[in-house]
Amino acid sequence: MVKVGIIGGGQLGMMTIEASSPEVPAHFTVLESSPDCPAKRLANQFIAGSLTSDASIRELATSADVLTWEIEHINVDTLLQLQAQGKTIVPSPTVLTTIQNKGIQKQHYTLNNIPTAPYTIVNSSEITPSLLEQFPGDEIVVKTCTGGYDGKGVSILSKSQLLQNPPFQGNVLLEAKISPALEISIIVAVGQANKNQEKETAVYPAIEMYFHPVSNLVEFLFSPARIHPTIEEKAKQVALNAVESLNSPGLFAVELFLVPNNPTQTNPDFSSLTAADIDVLVNEIAPRPHNSGHHTIEGCHCSQFEQFLRILTNKPLGNPALKQPAAMLNIVGPTTFSGSYKLEHQEYLNQRSDVFVHMYNKSESKPNRKLGHATILANSLEELLINAEELKSKLTIIPS
């Protein structure tokens, strides 16, 4: 049985452990600073320690055949040293040297001819009106180069607001706001290369995503996306090219913008456009299981988490195809309180055979904190979207 060491004990680690089975068995050791993290109760072993601690990561390595992570903000230098010493690490820690810094990530896309939104990297103290003139429109996207996650470290604001009150200090990434655009995700799995064989790949169907305008968290997503098959194939190829540029096995979520290349398209119907009408831009890559793939647990023949385990344990990849249309809604802490909580409308949710609720067993609610998600299935996309809209009002968190 393969011994897997996971750096990070959040819900992604928890759901990875939940995906193990007699067909894909594994022994899990989790490293996390929080003793009440979601993954601890399922792990075979638990190491309490910082995700940036050299000693803690080395301790984890001694009890694992393969190391991985469920969050990017970890000690990459230690992982590079362990890899040089022969430890199997998936994805390769060289991926983190590209992904951890959003500015470096963008430059990687430029160097590898991967299409992405116009950008510049600048110190927040050096933002000037003339610099902002190179970006179209009145609004601009500002991202911290390091440390952002779950919508944090991202701000969309007017150019005048940015000049008066920059939201972040130090080096920031300025991006053109892409509008109109449809945001989708393509999940790409790359197996470990075996002797005399090329790496096996699997690509999931496109996922249409919608974000909260303030928290920047994914609120709602579904698959299949409402796009023409030629657009989906074009997006899949762009995503595959982006992942191949990282030259590593692993599971990768590639967030993309679909943009009409006709500037007169102000309210496009993406289902009626074809690949010739659309430019595909890479926004970001997450080198791990991702929020945009949670619907695959019930919606696909092989979930993103089982696929991740197949990669880690060097087994053949599973079938990424949808079993039926699936949508996911995040369950997040309301902005009105922090503390102990419960999910409202439990009786209603328990009666719905088409709804699957996953709570992450986090100890307390905080504003905009991910506490769980719900997946809903249907026989058609039309039925799915109607039923998902009804479900939204039932996924409320209240004080307990």
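**Notebook: charges, overall form and one sheet**

I began with the charged side chains: the protein carries 28 positive and 39 negative ones, and the centres of these two sets lie 5 Å apart. I note that the model is a predicted one.

Next I looked up the secondary structure and found 12 helices and 20 strands in the protein. I then compared the radius of gyration, 21 Å, with the globule rule, which gives 21 Å for 400 residues; the two are close, so the protein is as compact as a globular protein of that length. Along the principal axes, I found that the C-alpha atoms fill a box of roughly 55 × 50 × 50 Å.

I turned to burial and surface. Of the 400 residues, 56% are buried. I recorded an accessible surface of about 17000 Å² for the protein, with 48% of this belonging to carbon and sulfur atoms. For contacts between residues at least 6 apart in sequence, I noted that 67% join residues at least 24 apart.

I then followed one sheet. Five strands form an open sheet in the order β3-β2-β1-β4-β5, and their pairing is parallel. Which strands stand at the edges? I found β3 (45–48) and β5 (88–89) there; each has a single partner strand, so one side of each is left without a neighbour in the sheet. As general background, I noted that strands of a sheet pair through backbone hydrogen bonds.

Last, I examined the pairing of β4 and β5. Strand β4, residues 66–69, runs parallel to β5 and is joined to β5 by two bridges. I found Val66 opposite Thr88 of β5.

Notes. Residues numbered from 1 in each chain as written. Predicted model: local features only at pLDDT ≥ 70, side-chain atom pairs only at ≥ 80, totals over all residues. Heavy atoms only, no water. Helix = DSSP H or I, 4+ residues; strand = E, 2+ residues; numbered from the N terminus. Rg over C-alpha atoms; globule rule 2.2 N^0.38 Å. Buried < 20%, exposed > 50% of the residue type's maximum accessible area, 1.4 Å probe, protein only. Contact = heavy atoms within 4.5 Å. Areas by Shrake-Rupley, 256 points an atom, 1.4 Å probe, with all protein chains shown as cover. Lys, Arg positive; Asp, Glu negative; His and termini not counted. Charge placed at Lys NZ, Arg CZ, Asp CG, Glu CD. Pairing = 2+ DSSP bridges.
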